[in-house]
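Colleague: Got a minute to go through this complex with me? I'd like to know what I can trust before I start staring at it.
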Amino acid sequence: MSALSPKSGSPADCAVTEGHVGLPVLDPPPTAAPDTGKTKNGEWQPYIVGFACNWCTYAGADLAGLSRMQYPPNMRLVRVPCSGRVNPQFVLRAFQKGADAVLVAGCHPGDCHYGTGNYFTRRRFLLMQRLLTFMGVDPRRFQARWISGSEAPKFRDVVTELTEQVRPLGPNRLWREVEP
Amino acid sequence: MKRIGVFVCHCGSNIAHTVDCKQVADEAAAMPGVVHAQEYKYMCSEPGQVLIQEAVKEHNLDGYVVTACSPRMHETTFRKCAGRCGLNPYMVEQVNIREHCSWVHADKEAGTEKAIDLMRMGVAKVLKNEPLKAATIPMTKRALVIGAGIAGIQAALDIADNGFPVTLLDREHSIGGRMAQIDKTFPTLDCSACILTPKMVEVAQHPNVELMTYAEVESVGGFIGSFDVTIRKKARYVDTKRCTGCGACIQKCPSKVPSEFEMEMGPRKSIYVPFPQAVPNKPVIDAPHCRYLQTGKCGICKKICPTDAIRFDDQDEVVTERFGTIVVATGYQQFDISAYEEYGGGRIPDVITGMHLERLLNASGPTSGKIKRPSDGKEPKNIVFIKCVGSRDEAKNRPYCSKTCCMYVAKQATLLKEKLPASKSYIFYMDVRTGGKNYEEFYRRTQVDYDGHYIRGRVSKIFQVGDRLIVRGDDSLLGRPVEIEADLVVLAAGMDPQHDARELARTLGIAYDAHGWYTEAHPKLKPVETQTGGIFLAGACQGPKDIPDSVAQGSAAAVKASALLTKTELTGEPMIAQCNEAMCSGCGLCVTICPYKAITRQPKQERIHGKMRERMVSTINSGLCQGCGACTVACPSSAMNMGGFSDEQIMAEVDALCQR
């Protein structure tokens with residue numbers, strides 16, 4: 001996967017990319033009897049992979065734990081030093097291996113521990129979402145969020161919302177079926 | 001295959017309550033590569049760590065996973081534990097099944113299921129871990145302080161007192177900075193020179209301090225521990241070794257120039273010291289105004305000099321020296337009042353700034369301390385102060401408060417009343433901000449005991465009628481316009497960053513804000529550090545500050561710098577970028593994306609088909625890299641990777657999470 005690294009433009013030239021960008025839904029409609037994902041009491045559960053930057057979102061998730069906030073157990077967080085470390089390859093791999101949704105989360109723009117990492121994330125995310133949509137993935141399955149170390153309630157809400165948004169989409173069968 | 005151990009912590013009942021730890025351990029034991037899996041009540045406790053160490057020896061483990069609390073909590077604990085039993089500390093991964101699992105999910109079945117997934121992720125990652133070793137960086141035991149105002153002097157003195165050599169650099173030819181120009185200091189009315197000059201002498205005579213005045217930083221290379229700083233020592237035309245500072249040349253010099261130190265209200269000579277207590281107290285020749293250097297005629301100073309110290313052929317000297325750490329204390333400059341056209345700043349001679357008034361008040365100033373207004377030398381009777389000129393004004397792009405003006409106006413009104421008991425001071429203000437020890441009390445005294453007349457409102461216009469100034473403004477408390485006939489108007493000009501602050505910041509590789517103030521690493525918890533390791537901030541270069549704050553910050557920066565200087569070598573961060581030179585195409589994408597300038601393209605010699613060829617490859621400076629991983633994603637050839645968070649490790653984690 002080649003890099004999608006923008007070379008020019010100030011951080012302000014790009015709107016904050018909360019949520020999806022309103023592209024058409026291209027996923028196949030959910031089937032009555034999904035064949036992937038874990039089931040609980042016979043009900044299909046979405047399986048979400050999250051990439052969290054060590055300094056903000058991972059800390060925010062820790063705080064959610066310390067505050068004993070409850071959220072659905074559907075997401076598994078992968079710790080990365082910075083959201084800018086998330087190679088588009090990792091996202092593709094997660095979808096390829098059957099993740100129903102992927103979240104990339106980092107510090108708020110301007111608050112990156114490394115100064116500029118999340119600006120690159122922001123631009124890569126926009127491009128990635130377009131690419132995935134082109135490939136037939138519903139944009140709701142791939143989202144980016146800025147969650148600071150003190151925003152535990154936001155982390156809880158993001159996980160809850162994402163789970164509920166993905167649930168009606170059903171399992172991600174697009175690539176699992178072509179896998180050998 | 002590596003031999004991996006998995007240790008499942010109960011954290012008392014914190015984890016065990018919603019996660020079936022035995023099931024996690026059993027699932028782990030069944031995984032390929034895992035040769036030992038164990039659960040225990042408190043893994044981080046002493047017996048827990050002993051248990052890990054014994055298991056490492058007994059099962060000859062290559063690495064292990066601890067499923068416990070957040071790695072932000074105990075990663076260091078478990079890494080050190082590995083170090084104690086001879087394992088590389090970076091062969092350890094900690095998986096978070098407390099904050100991210102047991103505490104947030106009440107359902108034990110779902111919690112256990114998630115904990116097992118996370119444990120698998122940890123095992124998959126640790127299978128790909130490589131031993132990492134931190135590079136060591138040698139420490140040059142010498143500090144550079146840029147800017148010799150009060151903040152820089154304090155920083156240099158404290159570093160020197162800690163026993164380290166320090167070079168104190170200033171572009172002016174005397175140290176002292178802005179504080180040397182100030183007459184008295186609030187709130188105690190100490191004479192500024194009386195408290196500053198002893199410090200100037202102390203720093204000049206300190207055996208650990210090297211003064212480098214009339215010199216500027218040209219470029220900075222290297223990184224924490226070994227900054228290579230190129231310094232231009234400007235031509236002084238006076239041999240400081242021979243010069244005794246007798247001052248004969250100054251007396252005889254025929255050319256007079258307005259003195260910058262006196263805010264151009266008094267003359268100086270072309271060969272001069274800026275003020276009598278200057279350190280070093282040896283003159284320099286101001287080349288653009290020297291008759292001999294401009295026309296070749298004169299040379300009186302050379303003839304009169306008893307020690308033959310004048311060198312008309314002197315040249316700038318450029319030196320490169322190595323320092324371990326840098327303190328930046330470049331201070332501020334006064335806001336240029338000519339931006340306020342309606343106040344006639346710079347156009348009407350009797351509209352002056354706070355610093356002008358300081359010099360008029362000063363006993364060694366151009367008027368020997370007598371208050372004479374610049375236009376005709378008359379004693380002013382009505383004096384109007386206007387605050388927030390170049391502060392708190394969005395229209396002039398100065399939204400910030402300059403912090404010192406409220407207090408210096410109160411001080412100047414007090415001093416004027418003492419010197420001219422018949423005078424009256426009118427002070428136009430927006431708010432009076434007197435945060436500081438004994439500041440509010442001082443402001444009250446100015447109002448009550450010194451007859452300072454405070455008017456809340458802005459001034460709209462100042463114009464001359466005869467020899468008087470009409471100040472037209474608005475009293476927003478009474479809700480009506482006011483007009484005052486004044487003899488002298490003092491604009492409380494705010495603080496601006498130095499005009500070349502941005503250039504110096506780029507030279508040093510430190511951050512600055514929209515106005516040009518240098519940015520600290522954290523607004524609360526790292527007030528003197530910069531984002532660049534080994535470079536610290538002191539004084540008003542970081543934002544408007546009064547003298548006590550500048551001194552405090554100078555000392556704080558000195559402590560930080562000294563703490564570095566006590567070390568003979570620094571331990572680098574081992575989890576940093578790594579470049580596979582065989583794959584690197586030398587495109588340089590990583591060079592531009594790196595926020596720390598840690599990557600450079602360097603030539604590499606290679607033998608290809610029997611011929612020596614040279615090609616460019618990226619080289620990472622382990623002293624500068626902070627391990628953000630931005631370059632790894634930018635690299636089109638996948639040559640860039642990162643220790644501890646390698647592509648292979650993260651990919652393995654993703655695979656382990658998804659393949660269930």
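Modeller: Sure, and one term before anything else: pLDDT is the predictor's confidence in each residue, from 0 to 100. You'll want that in hand, as this is a predicted model.

Colleague: OK, so where in chain A does pLDDT stay under 50?
Modeller: One such stretch is residues 28-36 of chain A, for which the model has 12 contacts beyond four places in sequence. Another is residues 1-25 of chain A, with 38 contacts of that kind.

Colleague: And how should I treat coordinates where pLDDT is low?
Modeller: Don't read the predicted coordinates in detail there.

Colleague: What's the average pLDDT for chain A?
Modeller: Chain A averages 80, and 74% of the residues score at least 70.

Colleague: What about the mean for chain B?
Modeller: Chain B has a mean pLDDT of 94, with 100% of its residues at 70 or more.

Colleague: Which scores does the predictor give the complex?
Modeller: An ipTM of 0.82 and a pTM of 0.74.

Colleague: Let's do chain A's fold. How many helices and strands are in there?
Modeller: Chain A has four helices and six strands. Going along the sequence, the pattern is β-β-β-α-β-α-β-α-β-α.

Colleague: What share of chain A counts as buried?
Modeller: Of its 180 residues, 49% count as buried. As for contacts in chain A between residues at least 6 apart in sequence, 82% of them join residues at least 24 apart.

Colleague: Now the interface. How many residues does each chain put into the contact?
Modeller: Chain A gives 39 residues and chain B gives 42 residues.

Colleague: Which elements of chain A give two or more residues to the side that touches chain B?
Modeller: Those are α1 (57-66), β4 (75-80), α2 (88-96) and α3 (117-134) of chain A. The largest share, seven residues, comes from α1(A).

Colleague: And what's the mix of residue classes on that side of chain A?
Modeller: By class, the side of chain A that touches chain B has 20 nonpolar, 10 polar and nine charged residues.

Colleague: Switching to chain B. How is chain B divided into domains?
Modeller: Domain 1 covers 4-127, domain 2 covers 143-331 + 534-565, domain 3 covers 335-495 and domain 4 covers 577-643.

Colleague: How far apart are domain 2 and domain 4 of chain B?
Modeller: Their C-alpha centres lie 42 Å apart.

Colleague: There's a four-stranded sheet in chain B. What order do the strands take?
Modeller: The order is β2-β1-β3-β4 (chain B), in an open sheet with parallel pairing. At the edges are β2 (34-40) and β4 (92-96) of chain B, each of which pairs on one side only. On average, neighbouring strands of this sheet are turned by 15° against each other, direction ignored.

Colleague: How many bridges join β3 to β4 in chain B?
Modeller: Five bridges join β3 (residues 63-68) to β4(B), and the two run parallel. Within that pairing, B:T67 has B:V95 as its bridge partner in β4(B).

Colleague: Which strands does helix α5 of chain B touch?
Modeller: Helix α5 (residues 108-127) of chain B packs on the sheet and touches β1 (4-9), β2, β3 and β4 of chain B. The direction of α5 makes about 155° with that of β3(B). You'll also see helix α3 (residues 71-84) of chain B, which lies across β3 and β4 of chain B and runs at about 150° to β4(B).

Colleague: Now for backbone oddities. What's the peptide bond from B:F186 to B:P187, cis or trans?
Modeller: That bond is cis, with omega near -5°. B:P187 sits in the loop between β8 (184-185) and β9 (190-191) of chain B. Another cis peptide bond joins B:V279 and B:P280, with omega about -5°. B:P280 is in the loop between β15 (271-272) and β16 (284-285) of chain B.

Colleague: Why bring those up?
Modeller: Because most peptide bonds are trans, and most residues other than glycine have a negative phi. On the phi side, B:L189 is not a glycine, yet has a positive phi of about 60°. B:L189 is in the loop between β8 and β9 of chain B.

Colleague: Is B:L189 buried, exposed or partly exposed, and what is its neighbour count?
Modeller: B:L189 counts as partly exposed because it has 14 C-beta neighbours inside 10 Å.

Terms used:
Residues numbered from 1 in each chain as written. Chains lettered and ligands numbered in written order. Predicted model: local features only at pLDDT ≥ 70, side-chain atom pairs only at ≥ 80, totals over all residues. Pairing = 2+ DSSP bridges. Axes fitted to C-alpha atoms, helices over the stretch in contact; angles between N-to-C directions. Contact = placed C-beta atoms within 7 Å. Nonpolar A, V, L, I, M, F, W, Y, C, P; charged D, E, K, R; others polar. Domains from an automatic or database assignment. Buried ≥ 20, exposed ≤ 12 C-beta atoms within 10 Å, placed from the backbone.
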